Amino acid sequence: MAGQFSRHDFEASHLRIATRWLKRYLSLWIMQNDLAGRINPVTLLVAIALTTLALACGFLLAVDVRLLSLTAIGISWLALLPYHSQLAVYLSLLTFGTALIVPFFPGRPYVWELASLLGWSGLIITVAMRQHRRTLWATIRENWLLFAALAGFCLVLVVTMFGRGVGFRVLGNAQMGGRFYFQQISCAIFPLVFAACRWDERLLPRLLLAQCCLTTTYLVSDFVFSYAGSPMFLLLQFFELPGDALNFEVAAQRMGLRRFQSFGIVGQGLFFALLLGFNLREFVSLRRWYLPPLALGALALGLYSGHRWVLVMAGLTTLYSLWSQRFFTLRNSCVTILLAVVCLAGTYAFSRELPLTVQRAVSFLPGVRVVSQAYVDAASTMDTRRLLREYGWQ
């Protein structure tokens, strides 16, 4: 009796174990079928491609880092192809006039130069996929003179390149100058990209304001080049030097007048940022009493570069803004004239006590007295430009 009971109990326990495993198997089978039904074939292919890419990147990282970088750039270029137009618009508006360059790339191209290349590929894809604005062709018809002049400008550049010959030093050519031709031709696509791309135009003031603030990146490169020395030269792989930084350094050793072009770029950028952020009527209101000192401070910083074009560009831009914003009323005109008279009187009265670079910048004003060192340095620049114009007309 005990033996039969034990055998029956043993068989019942096996039956319970078999039932339990059958339930687990059925539940796993149901889960697998449900998961297989949820898996998208496209998602599966993308997962397989990413796994293969990860294995390839691991192999290239162990073999050749440069090849891995080129592969990553190429894959990123293809992956972002549908968004090239938007990237071209936003990057060009954000980084034009800044020192940001493509790091560790031959030729040290600016980020906005990369944006122009994105514009060429992006425009083709945008038009081919019919993702452009509906008003594109109407915009081209309404402004056909502008686009015709743009095409003529590119044609003149191409004819000049073939007629006089150009070269790319980055490619090992003995002749130089090809980058500037290529830059002009590649940037000629921007009007078409802006007309075709669907982008949020409400972001335009913010992007321009950020661009003006990012002009401060030139201070980094100018400081590293002039004072920091070789330990910080790695930063120059990310920030470009101002165009005349090397010439100013040579002139400082020869003439004794040290200038920093970055001050002019940053001062002009901060002045334009104030014009973007505030209405000009606020500059003559008691509520915004701090705006005129800030604007004058930005101009003073720009004059420390010794560039005369800082005053010229700021003055012309301000005059156009005054006219476009219908600023001229009796009260506003009187306050503006009073501020201008005070600034000019202070400049003429204390001109010889100003820093040498500021004296050089204001030396073009009629009747202003500056020291001979600033006057000679300013006059030598004008003589050089006159000789270049005469040579260009020959």
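Colleague: Which classes of residue make up the lining of the second largest pocket?

Modeller: A good way in is to sort the lining residues into nonpolar, polar and charged. In this predicted model, the lining of the second largest pocket has 29 nonpolar residues and five polar ones, with no charged residues.

Colleague: How many residues line that pocket, and which lie nearest its centre?

Modeller: There are 34 lining residues, and L296, L299, L339, A340 and C343 lie nearest the centre of the second largest pocket. Two or more lining residues come from each of α13, α14, α15 and α16 (330-349). The largest share, eight residues, belongs to α16. The volume of this pocket is about 1200 Å³.

Colleague: Let's look at α14. How far apart are its end C-alpha atoms?

Modeller: You can check a helix by its expected span. Helix α14 (residues 291-303) has 13 residues, so at 1.5 Å a residue it should span 18 Å; its end C-alpha atoms are 18 Å apart, which agrees.

Colleague: Which residues of α14 are buried?

Modeller: They are L291, P292, A295, A298, L299, G302 and L303. These buried residues cover an arc of only 140 degrees around the axis, so they sit on the same side of α14. They pack against α13 (261-277), α15 (309-324) and α17 (356-361).

Colleague: How many cavities of 30 Å³ or more does a search of the whole structure find?

Modeller: The search finds one. The largest cavity has a volume of about 40 Å³, and its lining residues include D222, F225, R258 and F260. Both α11 (217-228) and α12 (245-255) give two or more residues to this lining. By class, the lining of the largest cavity has four nonpolar, one polar and four charged residues.

Conventions:
Residues numbered from 1 in each chain as written. Predicted model: local features only at pLDDT ≥ 70, side-chain atom pairs only at ≥ 80, totals over all residues. Heavy atoms only, no water. Helix = DSSP H or I, 4+ residues; strand = E, 2+ residues; numbered from the N terminus. Expected span 1.5 Å × (residues − 1). Buried < 20%, exposed > 50% of the residue type's maximum accessible area, 1.4 Å probe, protein only. Arc of directions from axis to C-beta. Contact = heavy atoms within 4.5 Å. 1 Å grid on protein atoms, 1.4 Å probe; cavity = no way out; pocket = protein on both sides within 12 Å on 5 of 7 lines; lining within 4 Å. Points joined across faces, edges and corners; volume = space filled by probe spheres on them. Nonpolar A, V, L, I, M, F, W, Y, C, P; charged D, E, K, R; others polar.
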